Amino acid sequence: MIRRVIGGVILFISVWAQLGYAQEQGVYEKLKQIPGVEVQVVNGSKLFKEYFILNIEQPIDFKKPKGAKFKQRVFLGFRDANAPTVIETEGYAGDRAENPNFQNEPAKLLNGNMVFVEHRYFSKSTPANPDWTTLTVEQAVNDYHRIRELLRPVFTGKWIATGISKGGQMSTAYRVFYPNDVNATIAYVAPINLELIDPRIEKHFSTVGTQETRDKLRAFQQVLLDRKKELLPYFEKLWAEKKIELKPFDAETVFDYEVLEYPFSFWQWGHKVDDIPDAGDAPEKVAGYLEGLVGGSYFTNAEIEKTGPAYYMFFHEFGYYDYKTDSFKGKLKQSSYPLNVFVPKNTQPSFDLGYINKLKKFIAKGGEDRMLFVYGELDPWGATQINLNGKKDNLKMVVENGSHAVRIKHLSNDQKELVYAALKKWVGVDIPVETVLQGK
């Protein structure tokens with residue numbers, strides 16, 4: 001609010017009224033009038049009428065709103081001010097939205113506007129001097145809330161939050177902290193871990209798929225470790241060709257990490273059992289298969305620089321998974337292979353149950369939350385899928401034999417009809433029946 005004195009009377013006039021906000025103004029002019037927002041026009045979108053990149057000044061610490069600031073990158077696809085607006089709570093960098101012809105699935109289904117928010121402390125939304133203690137769930141959802149408030153006068157239709165994987169965790173957290181900010185939530189493959197290392201993930205590996213497939217995966221891991229000395233040179237050649245610098249680990253440790261990660265990657269992305277090499281296959285075939293499925297770059301400083309902030313959040317509030325090494329004794333270089341080594345350098349996050357406890361209360365509480373969760377049956381992250389506990393007006397859909405890549409378009413036609421009926425109820429948009437029949 002802006003304070004103004006006229007004729008001895010104190011008036012409080014909203015920023016938008018004071019700036020002459022008018023319905024007939026174009027969206028660019030409206031965006032330019034928002035304090036603390038830089039607006040860049042991006043041409044060439046075939047999907048939206050207009051496409052923008054916003055750099056929004058945000059407090060690094062919302063508990064100190066007058067303190068240090070950073071600029072958060074937001075991508076905005078505009079169709080109509082009265083159409084539904086989908087705010088995507090990206091869990092990582094937002095580089096994929098630099099393409100003006102990018103749109104998320106809900107914006108496509110609802111023919112709506114898109115507000116795609118790059119997560120704080122990733123890519124171009126990183127403060128000059130990061131204070132890792134402010135990389136928390138609460139601080140991040142405060143980012144979304146403030147963006148929602150800034151854009152509220154521009155987009156007058158209903159709002160939907162969405163996110164994928166860690167982004168799905170964030171869209172869920174957004175509703176936990178700000179249940180009335182949006183009219184509905186669509187969370188894709190969002191793990192709802194209830195402990196630092198949720199045992200349901202490890203249990204998943206003993207039940208997913210068929211026993212034959214599980215046995216073949218374990219046997220292949222043993223083959224890799226038995227042939228380690230022979231295979232390592234082939235991996236080193238592949239890493240050299242890709243110009244992968246192996247720091248902070250040596251070649252053997254990276255190899256071991258790949259072997260341990262293999263079952264998680266296999267199930268997460270729905271790979272085919274028939275593609276698993278035989279025990280006696282040529283070393284270049286074996287190395288090429290594992291490197292293509294897992295990738296040594298995943299365990300390097302270059303990757304830590306990109307994804308380290310996510311690991312910080314995993315090991316501080318969201319929970320994660322670990323590797324069981326008991327059956328590989330004597331074949332691994334190290335006694336343990338922790339994943340918290342991938343947090344940013346010079347940080348040591350301790351696990352805080354505060355958010356998880358808040359999440360549990362939210363789940364346990366009744367109410368019509370208007371939330372849709374989509375999971376893949378094979379995906380390890382689906383092992384910790386949300387338990388709706390009879391909550392009203394919510395849906396959870398599991399795609400049979402689905403992976404971490406599942407979306408609404410992968411649902412069965414019966415499932416889609418339920419989802420589209422819910423979206424019509426929640427948002428008021430009809431999704432054509434041919435969309436169901438054509439599997440779009």
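1. At what angle do helix α4 and helix α5 pack, and how far apart are their axes? In this predicted model, in which residues are numbered from 1 along each chain as its sequence is written, local features need pLDDT of at least 70, side-chain atom pairs count only at pLDDT 80 or more, and totals for chains, interfaces and linings use all residues. Side-chain values use heavy atoms, with hydrogens and water left out. Helix α4 (residues 137-151) packs against α5 (residues 166-177) at about 80°, and their axes are 9 Å apart. Axes here are lines fitted to C-alpha atoms, for helices over the stretch in contact, and angles run from 0 to 180 degrees between N-to-C directions. Angles under 35 degrees count as roughly parallel, over 145 as roughly antiparallel, 65 to 115 as roughly perpendicular and the rest as oblique; α4 and α5 are therefore roughly perpendicular to each other.

2. The residues of this helix contact can be named on both sides, where contact means heavy atoms within 4.5 Å. From α4 come Val137, Glu138, Ala140, Val141, Tyr144, His145 and Arg148, and they meet Met170, Ala173, Tyr174 and Phe177 of α5. The residues of the contact of α4 with α5 divide into eight nonpolar, one polar and two charged, where Ala, Val, Leu, Ile, Met, Phe, Trp, Tyr, Cys and Pro count as nonpolar, Asp, Glu, Lys and Arg as charged, and the others, Gly among them, as polar.

3. Turning to the sheet, helices (H or I, at least four residues) and strands (E, at least two) are DSSP runs, numbered from the N terminus, and two strands pair if DSSP finds at least two bridges between them. Nine strands form an open sheet with mixed pairing, in the order β3-β4-β5-β7-β6-β8-β9-β10-β11. Its edge strands are β3 (37-42) and β11, each of which pairs on one side only, and the twist from one strand to the next averages 20°.

4. Strand β8 (residues 159-164) deserves a point of its own, since five of its six residues are buried, buried being under 20% relative accessible area, exposed over 50% and partly exposed in between, with a 1.4 Å probe and protein chains only. Strand β6 (residues 85-89) pairs with β8 in the parallel sense over four bridges; Thr85 stands opposite Trp159 in β8, and Val86 stands opposite Ile160 in β8. β8 also runs parallel to strand β9 (residues 184-188), to which five bridges join it, and Gly163 has Ala187 in β9 as its bridge partner.

5. How is the β-α-β unit made by β8, α5 and β9 handed? The unit is right-handed, a term used when, with the strands pointing away from the viewer, the path from the first strand over the helix to the second runs clockwise.

6. Several residues in loops merit a closer look, beginning with Thr384, which lies between β10 (368-376) and β11 (392-399). Thr384 counts as buried because its relative accessibility is 0%. Leaving aside neighbours within four places in sequence, Thr384 is in contact with Pro191, Ile192, Asn193, Asp198, Arg200 and Ile201.

7. Two residues have a positive phi although neither is a glycine: Tyr121, at about 75°, and Asn346, at about 65°. Are these residues buried or exposed? Tyr121, in the loop between β7 (113-117) and α4, counts as buried at 2% relative accessibility. Asn346, whose place is in the loop between α11 (301-318) and α12 (354-364), is exposed, with a relative accessible area of 84%.

8. The backbone also holds a cis peptide bond, which joins Lys247 and Pro248 with an omega of about 15°. Pro248 is found in the loop between α8 (228-241) and α9 (251-268).

9. The last residue to check is Ala310, which has its place in helix α11 and is buried, with a relative accessible area of 0%. Not counting residues up to four places away in sequence, Ala310 touches Tyr92, Phe122 and Lys166. Ala310 and Pro349 are 39 residues apart in sequence and, from C-alpha to C-alpha, 12 Å apart in space.
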